Amino acid sequence: MPRPSQLLHPQREPAPTRPAATVLLLRDAADGLQVLMTRRSKTASFAPGAYVFPGGGIDAADAAAHPLATRRPTQSDAHLTQAIAAIRESFEELGVLLAHRADGSLATPADIAALQREQPLAAQCAARGLTLAAAEVYVLAHWITDRDLPRRFDVPFLVARMPAGQTPVADEAEQFEPVWVRPQDALTRHAAGEFFIIFPTIRTLERLQKYATVDAVLAACAGEQPLWTSCPRAGFLAGKEARYMEHEMPYGELQLVSPDGQIVHALDWQTERPVPLLKNVQRLTAPNPGFMTGPGTNSYLVGDPRTGHIAIDPGPADAAHIERLWRAAGGDIRAIVCTHSHPDHAPGAPLLQRLCAGKPPILGLPSQPTARANSAFTPDRSLQNNELIALVGQGPEGEITHTLRVIHTPGHAANHLCLLLQEDALLFSGDHILNGSTTVVDPPDGDMTAYLDSLDRLDAACAGAGVDFILPAHGHVLGFARRVIANLKAHRLAREAKVLAAMRADPDGTMDDWVAKVYDDVPPQVWPVAKRSLLAHVERIQATAPGND
């Protein structure tokens, strides 16, 4: 993790979470799967006026009611307590009772009418010979309220089939206006401003859209583990709050800039100003957005006024961008490092060098004979694998250092390298790891075996240094570094399995034949670029085939 001294914003402990449970009551209808939602009181302390699923806090009585509930053999004590809490809340808020009579039949409207919503549910059910149907309540997801909010909950989102013959009736205190709605209709109405729902509800409904029936949802939840777990983070986009889950592209950047979750960071892509990520790390994105570069090439400055700066990937030869980079460093740049020689990364280096007093050295690895003509690059000095590039300065607290360790990572390009900022456990990944896409491996300078081996090298480096964040040359900061690397390698190997299957099914096929089969999950306009990585996979398969060792 980064040094606390390098964080941009004072941190504060998020509010503690309270245990709660929410249940999605589902039914099959002629037009598809429907879920029961209800509007919260406009004076509620949490999400006032929002349409929600019934639910509320878990209390001690829910755990004490285990003997009065059915239970699956694989259902944990915690999940059983949550299911009982959800059943209780559904009854108290909507008069819906998930329970069975002694003969196994569902509780009837007459049973429900005999119960008091204001009185403890479990004891009343026991008195009438009713058993809570906790075995029919499954875990769908696990949400933890965002760190920036003053009231926070740790809440499973559960699912159950709506009991036949029952009609929801809101308590008119906490909940109002129960409505059955298809997930896609709720989302459409929300987008139109007619149906207010909050972020976890939106994301849950989005994922629920892919299920056609109640049975399909329950089958997906049979594994007893949540299908996803999330504690969202928020930043500003176009001047408004925007929230993101862990798998979404801005999440890691928000986690880096504000670990405790304050909403302080703007996510808009722009090229005019540097974006501070830490006190000693700034990003300035070049104005070269495009299909291959995403929002543009990220140039990074590591260091501070006491130590001077190292510039990473000055980018294309864009004089205005280079001047902005120089100004962001206060003119004090001690070294310029290029992760590789591609034309959106290295050509700006001589321009930046000429602006700087003292002519800081341009460092990197020279392009190889396999490189394309527009990727010719000769650094002032070649870097060695595991070499350290250090900045040292003095402050009131004593000596301060910023040290980059070089990691040679061929694959995307033969002369590609990554940089690990040791004191803050950050990995600058160049084009080897990107946010939002996978990098192209283009033979002959690109090599798929070298690329995969480099991923293993980066994973070992991240494990050894405790790296959680990857700063790519394109896109936002990535969190969960080792998970990202593992997923990227798995993706590449899965793609390679499709390549091998296509080659076996059509051994006389052309690259055009194979790309249509292997990249059938991406738009055809991407195929010309995808053919480059396809060739890299084909060469790797051919090189590792029996008889070629």
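This briefing describes the overall build of a protein, its salt bridges, two of its helices and two individual residues.

The model is predicted. The protein has 549 residues, of which 55% count as buried. Its secondary structure comprises 14 helices and 24 strands. Taken along the principal axes, the C-alpha atoms fill a box of roughly 85 × 70 × 40 Å.

**Overall build**

- About 23100 Å² of the protein is exposed, and carbon and sulfur atoms supply 55% of that area.
- Among contacts between residues at least 6 apart in sequence, 63% join residues at least 24 apart.

**Salt bridges**

- Side chains of opposite charge can pair when their charged atoms come close.
- The structure holds 32 salt bridges.
- One of them pairs Arg88 with Asp59, with 3.7 Å between the closest N and O atoms. This pair links distant parts of the chain, 29 residues apart: Arg88 belongs to helix H2 (residues 77–94), whereas Asp59 sits in the loop between strand S4 (55–57) and helix H1 (60–64).
- The two partners differ in their surroundings. Arg88 has a relative accessible area of 10% and is therefore buried, the limit being under 20%. Asp59 has a relative accessibility of 35%, so it counts as partly exposed, between the limits of 20% and 50%.
- A second salt bridge joins Arg203 to Glu248, whose closest N and O atoms are 2.9 Å apart. Here too the pair links distant parts of the chain, with Arg203 in helix H6 (residues 199–208) and Glu248 in the loop between strand S12 (240–244) and helix H8 (251–257), 45 residues apart. Arg203 and Glu248 are both buried.
- A third salt bridge connects Asp459 and Arg482, with the closest N and O atoms 2.9 Å apart. Because Asp459 lies in helix H11 and Arg482 in helix H12, this pair ties together parts that are 23 residues apart in sequence.
- Asp459 is partly exposed, with a relative accessible area of 21%. Arg482 is also partly exposed, with a relative accessible area of 42%.
- Through shared partners, salt bridges join Asp59, Asp62, Arg88, Glu89 and Glu92 into one network.

**Helix H11**

- Helix H11 covers residues 448–465, which makes 18 residues. At 1.5 Å a residue, such a helix should span 26 Å, and the end C-alpha atoms are 26 Å apart, so the expected span and the distance in the model agree.
- At the start of H11, a side-chain oxygen of Asp447 comes to within 3.1 Å of the backbone nitrogen of Thr449.
- Gly466 follows H11 and has a positive phi, near 70°.
- The buried residues of H11 are Met448, Ala450, Tyr451, Leu452, Ser454, Leu455, Leu458, Ala461 and Cys462.
- These buried residues pack against three strands, S21 (398–408), S22 (417–421) and S23 (426–430), and against two helices, H12 (481–505) and H14 (527–544).

**Helix H13**

- In helix H13 (residues 511–518), the residues Trp514, Val515 and Val518 are buried. They cover an arc of only 100° around the axis, so they lie on the same side of H13.
- The cover over the buried residues of H13 includes H12 and H14.

**Two individual residues**

- Glu93 is part of helix H2. Its relative accessibility is 1%, so Glu93 counts as buried, a term that applies under 20%.
- Apart from its neighbours within four places in sequence, Glu93 is in contact with Pro54, Gly55, Arg117, Val169, Ala170, Asp171, Glu174 and Gln175.
- The C-alpha atoms of Glu93 and Leu130 are separated by 19 Å, and these two residues are 37 residues apart along the chain.
- Ser375 is placed in the loop between strand S18 (362–364) and strand S19 (381–382). With a relative accessible area of 3%, Ser375 is buried.
- Residues up to four places away in sequence aside, Ser375 touches Ser341, His342, Pro343 and Ser367.

How values were computed. Residues are numbered from 1 along each chain as its sequence is written. This is a predicted model: local features need pLDDT of at least 70, side-chain atom pairs count only at pLDDT 80 or more; totals for chains, interfaces and linings use all residues. Side-chain values use heavy atoms; hydrogens and water are left out. Helices (H or I, at least four residues) and strands (E, at least two) are DSSP runs, numbered from the N terminus. The expected span of a helix is 1.5 Å times one less than its number of residues. Buried means under 20% relative accessible area, exposed over 50%, partly exposed in between (1.4 Å probe, protein chains only). Contact means heavy atoms within 4.5 Å. A polar contact is a pair of N or O atoms within 3.5 Å; within protein, one must be able to donate a hydrogen and the other to accept it, and residues adjacent in sequence count only if both atoms are side-chain atoms. A salt bridge is a side-chain nitrogen of Lys or Arg within 4 Å of a carboxyl oxygen of Asp or Glu. Accessible areas come from the Shrake-Rupley method with a 1.4 Å probe; for residues, only the protein chains shown count as cover. The arc is that of the directions from the helix axis to the C-beta atoms.
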